[in-house]
Every structure is written in C-alpha cells, then in structure tokens.
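Trainee: I am new to this structure and should like to understand the terms used to describe it.
Mentor: Please look at it first, and then put your questions.

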Amino acid sequence: EDIIGGNNSKFSNDVNTEVITKRESDLLNECIGSFFYILQAKPEYWARVLNYIEMTGDLVEFSHGHIEDWILKCFNYRDNDTNAVAEQTREECLYVKLIICTFNLHISRLSHDSYKRMIKRRRELENSDVKYWELLLHAYLNLPPQRTLTKTLLGDAVFLITSDDEVSFECDPWKIFSNLVESSDKITEAQKINVDVGNLEPLDISCVEKEYVKNMQNLRASVYEIFKYLKKIVSSIPIYIKCLCREFYEALKSNKNVSDSYHLEMVGIVFIQCYVLPIFRNPANFSIDLFAISDDLAIVETITRNIELASILLNQCVLMRHFDVDQYPYLISLNPFIDELSGQMKEFINELIDVPLTDVSYRKIMLESSQENMILKIQYDDIGELVCIWKEFLNEIFGDHGDLLYYSIKEIEESLGIDKKKGIRKLPCDQYGYTNIKLVDDKEEGVEKIVGEAMMLEVKKYMIY
C-alpha cells in the first residue's frame, strides 16, 4: 500500500526559531487563515481525499492519531478542551456538510444492487466495513461535550435496563438451564443426565421453557419502554443528527431507484447504530460504571448481558427486520413484536427527519457568525504537518496547480520556510503551543490578494528561467 505523508511530511520544531515583525506575523496568520477557511467551507476537499483513500486503500500517515482526528482539528475541535460545550456552531454546520459530502461520494460509487447489499450488511451490529462518513460522525460523537450530551439524553434509557438487577433477558436455553442447575433445585438429576447425553433439549424442560418465556417478556417490555422514551425525547435529539438523517434520506431517494424501505432502513442504521447504541454497548465511555451497581460479579454480568440483548432487539425494531433463524434462533419468537412496532417505528423515523435541510437549519447560526468570531485555535506544529500533507494530496489526488488551496499552501511554505527547511517563523503561541488563527473568507479581498501575489511570483520565476 502507498503511504502519503510519513516522516517526510512531519513538521518539526528541531530547527531554530526566527523572530519576525508583527506585520509579517499578521500576513502569515492571514495566509494560514485562508488555508483553513477553504478546508472548512469547501467540504469537497476533504471528501475527495477520503473517497480516494477508500477506493485505493492508500494509507495516510500522520505523526499521531487518525485522519478523522486531524480533520476535527481543522474545524476547531479538540478532545482536550475541557471548557467546550455541546452547542450549534458554524463549525458544526460545516462539519455536518463534510459528512454529507463524504456520504454522497460513497453512495455515488454504488450500483443499486451494491447499495442493497450494503444495507443488508449494515443490519448487523458487528460491522467491520466502516466507511469514512461514519468515522467522521463517530469522531464527532466521541468528543467530550457530545458524550456528555448523549449521556444527558440517553442515560435514562440505559437506566431502564440497569435499574432492575433481578430481571434477566437471557434467551439461550442452555444458559438458562445452567443457571437453574446452579441456583435452584428445579432441574432433576434425570433431566441433567438426559441433557448431558443429548436425549433432551433444555427447552423441553418445563421450568426452562417458563424461564425463557418470562425472559422474553421482560426483554420485550424493556425495549418497548426504551422506544417510548426515544419518542418522548425526539425533539431534543441534536439537530446535526436529524439533519444528517434527513440529508442521507434525500440523497438516497434522488440517487437510488429502489424501495423507500431501504432508505428508511439506512436512516434507522445511522440513528440507532451511530447515535443511540454506543452508550448501551460501551457505557463506560459515557462515565456509566456498571460495576458500581453491585459488588456481585454475577449481577453485573447479567446486566451486561441484558444490555447486549436489548441492543440487539432495539436494532431489529428500528430497522423493522425479523431475526434470522440461523443467526438468532432463540430470538425469532420476538418477530411478531417487531411487526407490531413497525408502524410506530416508521412514524418515529419520519418525525426524526422532519427537519429543514442543513443550510436552512443552521441559517441563523451562520448569519450570526461574524468574521471577527471566526478564530481557529490549533497547535502551531500541527499547521506545518497539515500543510505538508495537503501539498501531497493536491499533487497525488487533485493534480491541480491552479487551485486556490495550492496557492495558499505555497504562500504558507514560503513564510514558514517548510520547503527550504530554514528557520521556523513562529506565530504567537500559548504555553501549550496553541496559536489563534483568524480565518479569512475566500470571498474577501484578502485571499484574492494572497492568490494574486502567489501567481505573480510564479510568473516572475518562469520569466527568470
């Protein structure tokens, strides 16, 4: 596999720092500001890079982290920002547009049949084929403010399961049989022997069957309570989730001439698998400690298993799909419950996507975002690394040396001395190495001036040669 970047593209502080005037610093800040403004406001740049990586399998090597972590940096998001709160912002709007653009490029590569197969694969909770639109979404959802908001909204849904440490959702007759053997005298010695030698199925034992029926009733009742809770809070679900679901649905309707049920199912996948189930499947990531519920390890194991089974059933209900007899032989008894809920589930999904498109939903936020407030806080060393990696992207993926981003990069290289490895011209930084970059709108005279000067420099070099 080809590697883009690596040690050659890393920006280092090992060389001497050069002192520059305030005017030079302001010009450098302006140049860098235009670079990051373009990356924020024009989602096609990052989307095309991610699409290229998905198609070719090439690797992108940064000094640390994954590409989605570096994209978050470009949108002013830092996982160590303890003062950040979850709120609608200009950056959130632009990041949502990037996810949508990346998703649209991905589905544009799929034929109708490939799209159907993708939906079928995505029905499973264990999905190894994760695409970049989803990695971008997960990276954002995993930011501390978003995890806090998710816990605030969905923590009570998890509590619906964890609050009763005596109930069990176990569906496997063999596990039910083993539990009864260990915890009661309901299983006779003869039954134990017959089960051991294969002459008797656990579910044929009356007490096992009763326990199984009771467990399935408990599971069904709990999942229905969770669904009712989701319906109650649908208006509080973050607007970016609703916008993504709506935009995905509209894009699929426009591009894929298949049954609408597939499109609704994809919306369900985004909502349930990307947004709701992570707090059920990994509660510790949301500061929910299951081991604090009880000192009894057996009780914690039962609750963990209950959460697992509730997640599986909730997934099937949202997708409105029956359990497969080969995969979940002991959960097919709940297929009638899925059918009963399907009408309400369609109404719920339609309510979820009943929002304006992203531009309209964030219109007020974008209008209130003045030029003075467009500040990007980023570590100084990360600027050089991003500039170097983007120079390689433009050469290898875009191949366009007349591009606006190309001229911004050339100006930054000249100012920072990246290309000549000379002294690094520092911008003002705090004690942690962060600098504030004022973003420059590419419609403004400032960027046009930067590009114009860069083009004139190219012409002069050509004339000299």
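**Terms and values**

Trainee: What makes up the accessible surface of the protein, and how is the area obtained?
Mentor: The accessible surface comes to about 22700 Å², of which 48% belongs to carbon and sulfur atoms. Such areas come from the Shrake-Rupley method with a 1.4 Å probe, and for residues only the protein chains shown count as cover. Please note that this is a predicted model, in which local features need pLDDT of at least 70 and side-chain atom pairs count only at pLDDT 80 or more, while totals for chains, interfaces and linings use all residues. Residues are numbered from 1 along each chain as its sequence is written, and side-chain values use heavy atoms, with hydrogens and water left out.

Trainee: Why is α17 called largely enclosed?
Mentor: A residue is buried at under 20% relative accessible area, exposed at over 50%, and partly exposed in between (1.4 Å probe, protein chains only). In α17, 14 of the 19 residues are buried, so this helix is largely enclosed by the rest of the structure. Of the 465 residues of the protein, 49% count as buried.

Trainee: How do you know what span to expect for α17?
Mentor: The expected span is 1.5 Å times one less than the number of residues. Helix α17 (residues 380–398) reaches 26 Å from its first C-alpha to its last, close to the 27 Å expected. Helices (H or I, at least four residues) and strands (E, at least two) are DSSP runs, numbered from the N terminus; the protein has 19 helices and six strands.

Trainee: What makes a space a cavity, and what a pocket?
Mentor: On a 1 Å grid over the protein atoms alone, a cavity is a set of points where a 1.4 Å probe fits but cannot get out, whereas a pocket is an open set with protein on both sides within 12 Å along at least five of seven lines. Lining residues have an atom within 4 Å of a point. By this rule there is one cavity of 30 Å³ or more. The largest cavity has a volume of about 60 Å³, and its lining includes His-106, Met-118 and Trp-133. Helix α5 (residues 112–122) gives the largest share of that lining, three residues.

Trainee: Which residues lie nearest the centre of the largest pocket?
Mentor: They are Ser-168, Glu-170, Asn-179, Ser-183 and Thr-302, from a lining of 21 residues. The elements giving two or more residues to this lining are α8 (173–183), α10 (206–233) and α13 (297–319).

Note on methods
Grid points are joined across faces, edges and corners, and a volume is the space filled by probe spheres set on the points.
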